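Hi,

Here is the model I promised to pass on. Have a look at it first, and then read my notes underneath.

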Amino acid sequence: MSQIDIEKLHLWVQDRDTVLKYSTHVEWRYGKKPDYTYSNEKFAQESTRNHLPNTLETLVQNLVRTFDIEANFKTNPAQWLSVVPDQFRMSINGGSRYTITDLINSGTYKLMIGNTKDYKASEENFTTSTNLFHTAFPDGFLWEVLEVYSGPPYIVYKWRHWGQFTGAFKDYAPTLETIEVIGTSVAHVTDDFKILSLEQYYDNTNFLAKLTSGGKLVKTPEEQPKPKSFWQKLRLGARG
């Protein structure tokens with residue numbers, strides 16, 4: 001593609017803070033819009049890429065970040081901007097094609113991982129699945145575009161998900177290491193960059209193996225008052 005003037009395009013391909021600034025009258029899952037101040041700070045410190053403005057890489061990263069906001073926090077499909085609601089489908093490793101309603105009801109973690117030896121998606125719901133991974137990664141699980149291989153209408157891109165495994169995963173001890181997941185996606189988009197379909201490919205067994213590599217917890221530590229995690233701040237719309 002030639003040079004892109006992203007600021008002249010639609011809201012859903014702008015940077016995440018701009019999207020939230022102009023997202024009004026939205027039915028937010030937790031009653032308030034999320035706040036990504038802390039996430040932005042960590043991203044600036046830990047990201048492996050520094051995509052130039054007005055590049056396809058920046059546009060794709062913005063679009064997927066808008067999709068992530070909506071998948072986690074918007075409960076009314078009609079208010080989603082990043083997809084064509086009645087046509088959208090998402091698949092994981094060539095499996096079932098999920099609808100926008102599936103995403104709202106189940107959440108991204110449940111659908112992305114599915115049924116494995118150490119995680120049973122069929123036994124989880126949005127709340128239990130989300131809490132499980134937010135406990136394992138209390139400082140957040142960041143996401144970035146690494147490379148974009150082709151432009152629209154079929155955008156193929158490589159991505160990286162990462163976070164510090166400092167909280168327990170079920171009854172498995174944290175290893176305190178940074179867990180990194182690398183994957184590839186194919187997004188079929190309209191002329192105005194709304195997502196029609198999203199195919200995600202990554203190794204979910206390797207991800208779960210890292211989350212269970214610390215072994216079972218010897219005992220449950222006594223409950224102590226803890227500061228709000230990154231995820232709680234997102235839910236509450238906390239500033240700072």
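To get your bearings, in which loop is Thr116 found? Thr116 sits between helix 5 (108-113) and helix 6 (126-136). Before going on, please keep in mind that this is a predicted model.

Staying with that residue for a moment: is Thr116 buried or exposed? Thr116 has a relative accessibility of 12%, and the cut-off for buried is under 20%, so Thr116 counts as buried. Setting aside residues up to four places away in sequence, Thr116 touches Asn204 and Leu208.

Now the sheet. This is an open sheet of six strands with mixed pairing, and the order runs 2-1-6-5-4-3. The edges are taken by strand 2 (97-98) and strand 3 (142-150). Each of these has a single partner strand, so one side of each is left without a neighbour in the sheet.

Going inwards from strand 3, here is how the pairs look:

- Strand 3 and strand 4 are antiparallel, with seven bridges, and they make a hairpin with three residues between them. Within this pair, Trp143 has His161 in strand 4 as its bridge partner.
- Strand 4 (residues 154-164) is paired with strand 5 (residues 178-189) through eleven bridges, again in the antiparallel sense. Three positions to click on: Ile155 stands opposite Ala187, Trp159 is bridged to Gly183, and Gly163 is bridged to Ile179.
- Strand 5 and strand 6 (residues 195-202) run antiparallel and are joined by seven bridges. They form a hairpin too, with five residues between them. Phe193 lies in that turn and has a positive phi of about 70°.

Ala187 is a handy landmark here: Ile155 stands opposite Ala187 in strand 5, and Ala187 stands opposite Leu198 in strand 6.

What packs on this sheet? Helix 3 does, touching strand 1 (89-92), strand 3, strand 4, strand 5 and strand 6. The direction of helix 3 makes about 135° with that of strand 3.

Helix 3 comes up again once you look at the empty space. How many cavities of 30 Å³ or more are there? The count is four. The largest cavity holds about 700 Å³ of space. It is lined by 34 residues, and the closest to its centre are Asp68, Asn72, Thr108, Phe141 and His161. That is the His161 that pairs with Trp143 across strands 3 and 4. Helix 3 (residues 56-73) gives the most to this lining, with six residues. By type, the lining of the largest cavity splits into 22 nonpolar, eight polar and four charged residues.

Then there are the pockets. The second largest pocket has a volume of about 440 Å³. Of its 18 lining residues, Asp15, Thr58, Gln61, Asn62 and Arg65 are the closest to its centre. Helix 1 (16-21), helix 2 (37-46) and helix 3 each supply at least two lining residues. Helix 3 gives the most here as well, with four. The lining of this pocket divides into four nonpolar, eight polar and six charged residues.

Last, the start of the chain. Two residues in the segment before helix 1 caught my eye, namely Asp5 and Val13.

Which of the two labels fits Val13, buried or exposed? At 1% relative accessibility, Val13 counts as buried. Apart from neighbours within four places in sequence, Val13 is in contact with Ile6, Leu59, Asn62, Leu63 and Phe193. You have already met two of these contacts: Asn62 as one of the residues closest to the centre of the second largest pocket, and Phe193 in the turn between strands 5 and 6. Val13 and Asp68 are 55 residues apart along the chain, and their C-alpha atoms are separated by 12 Å. Asp68 is also one of the residues closest to the centre of the largest cavity.

Asp5, on the other hand, is partly exposed, with a relative accessible area of 36%. Its C-alpha atom is separated by 8.6 Å from that of Pro53, 48 residues apart along the chain.

Have a browse, and tell me what you think.

Cheers

Terms used. Residues numbered from 1 in each chain as written. Predicted model: local features only at pLDDT ≥ 70, side-chain atom pairs only at ≥ 80, totals over all residues. Heavy atoms only, no water. 1 Å grid on protein atoms, 1.4 Å probe; cavity = no way out; pocket = protein on both sides within 12 Å on 5 of 7 lines; lining within 4 Å. Points joined across faces, edges and corners; volume = space filled by probe spheres on them. Nonpolar A, V, L, I, M, F, W, Y, C, P; charged D, E, K, R; others polar. Buried < 20%, exposed > 50% of the residue type's maximum accessible area, 1.4 Å probe, protein only. Contact = heavy atoms within 4.5 Å. Pairing = 2+ DSSP bridges. Axes fitted to C-alpha atoms, helices over the stretch in contact; angles between N-to-C directions.
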